[in-house]
Amino acid sequence: MIKFKENKAYYSKSICDSNSISVIFVIRRTPKSIVYKDSNNVERRSKIRTMDGCEFIRPENYSFANVFKADREY
């Protein structure tokens, strides 16, 4: 299982524009959630989900929302 690690940064490319990259920095984690800072330097919490042996989060809940995966370390 590939997991998010504390004090690491992860990236996601936009679905609409592959040149647009969003980055989050993981501050701390629990078995079910992570606390991170987004590009606006705001602390947020998201639920960790798993798919195909890799953890991921969706900070927003709409069709074109970014998806941050644990295997995309920045």
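This report walks through the fold, strand pairing and a few individual residues of a predicted model.

## Overall fold

Let's start with the big picture. The chain contains seven strands and zero helices, so its pattern along the sequence reads β-β-β-β-β-β-β. The radius of gyration is 11 Å, close to the 11 Å given by the globule rule for 74 residues, so the chain is as compact as a globular protein of that length. Along the principal axes, the C-alpha atoms fill a box of roughly 30 × 30 × 20 Å.

Contacts add some detail on how the chain folds back on itself. Taking contacts between residues at least 6 apart in sequence, 32% join residues that are at least 24 apart.

## Surface and charge

If you plan to look at the surface, here are some values to keep at hand. The accessible surface comes to about 5100 Å², and carbon and sulfur atoms account for 45% of that area. Of the 74 residues, 28% count as buried.

As for charge, the chain carries 15 positive and 9 negative side chains. The centres of these two sets lie 5 Å apart.

## Strand β3 and its partners

Strand β3 covers residues 33–37 and pairs with both β2 and β4. With β2 (residues 21–29), β3 runs antiparallel and shares four bridges; in this pairing Phe 25 stands opposite Lys 37. The hairpin that joins β2 to β3 passes through three residues.

On to the other partner: β3 and β4 (43–47) are also antiparallel, with five bridges between them. Here Val 35 stands opposite Arg 45 of β4. These two strands form a hairpin as well, with five residues between them.

How enclosed is β3 by the rest of the structure? Four of its five residues are buried, so β3 is largely enclosed. Ser 33 belongs to this strand and, at 13% relative accessibility, counts as buried because the cut-off is under 20%. Leaving aside residues up to four places away in sequence, Ser 33 touches Arg 45, Ser 46, Lys 47 and Ile 48.

## The sheet β5-β6-β7

Further along the chain, three strands make an open sheet in the order β5-β6-β7, with antiparallel pairing. Strands β5 (49–51) and β7 (68–69) stand at the edges with a single partner strand each, so one side of each is left without a neighbour in the sheet.

The pairing of β5 with β6 (residues 54–57) is antiparallel and consists of three bridges. Within this pairing, Arg 49 has Phe 56 of β6 as its bridge partner.

## Two loop residues with positive phi

Two backbone angles are worth a look if you are checking torsions. Asn 41 has a phi near 65°, a positive value in a residue other than glycine. Asn 41 sits in the turn of the β3–β4 hairpin and is exposed, with a relative accessible area of 57%.

Where does Asp 52 lie? Asp 52 is found in the loop between β5 and β6. Its phi is near 55°, again a positive value in a residue other than glycine. Asp 52 is exposed too, at a relative accessible area of 77%.

Note on methods:
Residues are numbered from 1 along each chain as its sequence is written. This is a predicted model: local features need pLDDT of at least 70, side-chain atom pairs count only at pLDDT 80 or more; totals for chains, interfaces and linings use all residues. Side-chain values use heavy atoms; hydrogens and water are left out. The radius of gyration is taken over C-alpha atoms; the globule rule is 2.2 Å times the number of residues to the power 0.38. Buried means under 20% relative accessible area, exposed over 50%, partly exposed in between (1.4 Å probe, protein chains only). Contact means heavy atoms within 4.5 Å. Accessible areas come from the Shrake-Rupley method with a 1.4 Å probe; for residues, only the protein chains shown count as cover. Lys and Arg count as positive and Asp and Glu as negative; His and the chain ends are not counted. The place of a charge is taken as NZ of Lys, CZ of Arg, CG of Asp or CD of Glu. Two strands pair if DSSP finds at least two bridges between them.
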